[in-house]
Amino acid sequence: MLKKKEAGQVLLIIVLVMVVALTVGLSVISRSITTIRTSREEASSQKALAAAEAGIEQVLKTNTPIPIGTFFTGEPQTTYGTIVNAVLGTQVLVNGGNTVPKDEGADIWLVDHNADGTPNFSSPWSGDLTIYWGDSSGDCNNAALEIAVISGSQASPILTRYAYDPCSSRRSNNNFSPSSPGGVVNGKSFAFSAALPPITSGLVARAVPLYKSSAIGVIASIALPSQGFIIDSTGVSQGTSRKIIVFKGHPQLPVQYFLYGLFSP
């Protein structure tokens with residue numbers, strides 16, 4: 001009777017050991033599978049990102065969009081494609097909506113560009129511009145803005161400067177004009193604005209944030225010509241996709257044109 005009882009206990013212990021071993025084994029296998037899957041997804045993600053970067057480089061080289069998923073990179077099941085959209089119209093985000101560094105500025109083109117990328121000054125722009133900038137962090141925590149407008153002709157340019165500051169304490173020292181309430185430009189909200197006097201035969205304007213960096217938007221009464229291009233590149237690798245969006249602007253004019261009014265043909 002005692003031997004039968006002991007045999008039953010041994011069987012129970014063996015079953016418990018087998019259950020524990022099976023549980024541990026399944027846990028190890030599950031973790032290994034998860035690790036392998038994660039590593040595979042990370043590898044695919046890196047390949048997709050590299051493919052998206054290749055798409056950006058290809059567009060910068062050729063200025064030609066590539067249909068999504070049609071260009072193979074050499075890696076199995078890894079492709080990229082790009083979409084290129086011109087930045088133009090009555091509402092424009094300067095520098096592609098990216099922050100413009102303080103004291104550097106970005107150009108607002110009032111003329112078209114030739115096929116070789118040079119500005120075509122033969123057809124100047126006339127109309128009204130309202131410049132938008134700043135966020136909700138407070139008047140004196142935002143940038144002031146200087147706008148230099150070159151108008152007239154390439155042979156006889158006219159340089160006109162405007163300066164606006166939302167901060168009243170700074171205005172008592174810099175004598176800038178006060179800003180107006182902001183608004184929304186192409187889906188982006190801005191805290192401040194400044195309506196420039198009407199522009200006649202405008203060639204180019206440069207908006208320069210002072211004191212702080214800032215994003216800048218423009219609303220024009222008449223559609224502005226191309227300010228550059230938004231390149232949207234998507235890379236796909238084994239079901240994983242990564243996207244990169246880059247703004248390619250036209251080459252900026254040398255700063256000397258705005259500092260000293262030099263503008264030779």
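What is the volume of the largest pocket?

## The largest pocket

In this predicted model, the largest pocket has a volume of about 310 Å³. Its lining is made up of 16 residues, and those closest to the centre of the pocket are Asn63, Gly117, Phe229, Lys248 and His250.

Two strands contribute to this lining, since strand S14, which covers 228-237, and strand S15, which covers 240-249, each supply at least two of the lining residues. Sorted by class, the residues around the largest pocket comprise seven that are polar, six that are nonpolar and three that are charged.

## The disulfide

When the whole structure is searched, one disulfide is found. The two partners are Cys140 and Cys167, whose sulfur atoms lie 1.9 Å apart, and the link between Cys140 and Cys167 is right-handed, with 80° about the S-S bond. Cys140 sits in the loop between strand S6 (129-133) and strand S7 (144-152), while Cys167 sits in the loop between strand S8 (157-165) and helix H2 (168-174), so the disulfide ties together parts of the structure that are 27 residues apart in sequence.

## Exposure of the two cysteines

The two ends of this link can also be described by their accessibility. Cys167 has a relative accessible area of 1%, and because buried means under 20%, this residue counts as buried. Cys140 has a relative accessibility of 38%, which places Cys140 between the limits of 20% and 50%, and therefore Cys140 counts as partly exposed.

Technical notes
Residues numbered from 1 in each chain as written. Predicted model: local features only at pLDDT ≥ 70, side-chain atom pairs only at ≥ 80, totals over all residues. Heavy atoms only, no water. 1 Å grid on protein atoms, 1.4 Å probe; cavity = no way out; pocket = protein on both sides within 12 Å on 5 of 7 lines; lining within 4 Å. Points joined across faces, edges and corners; volume = space filled by probe spheres on them. Helix = DSSP H or I, 4+ residues; strand = E, 2+ residues; numbered from the N terminus. Nonpolar A, V, L, I, M, F, W, Y, C, P; charged D, E, K, R; others polar. Disulfide = S-S within 2.5 Å. Buried < 20%, exposed > 50% of the residue type's maximum accessible area, 1.4 Å probe, protein only.
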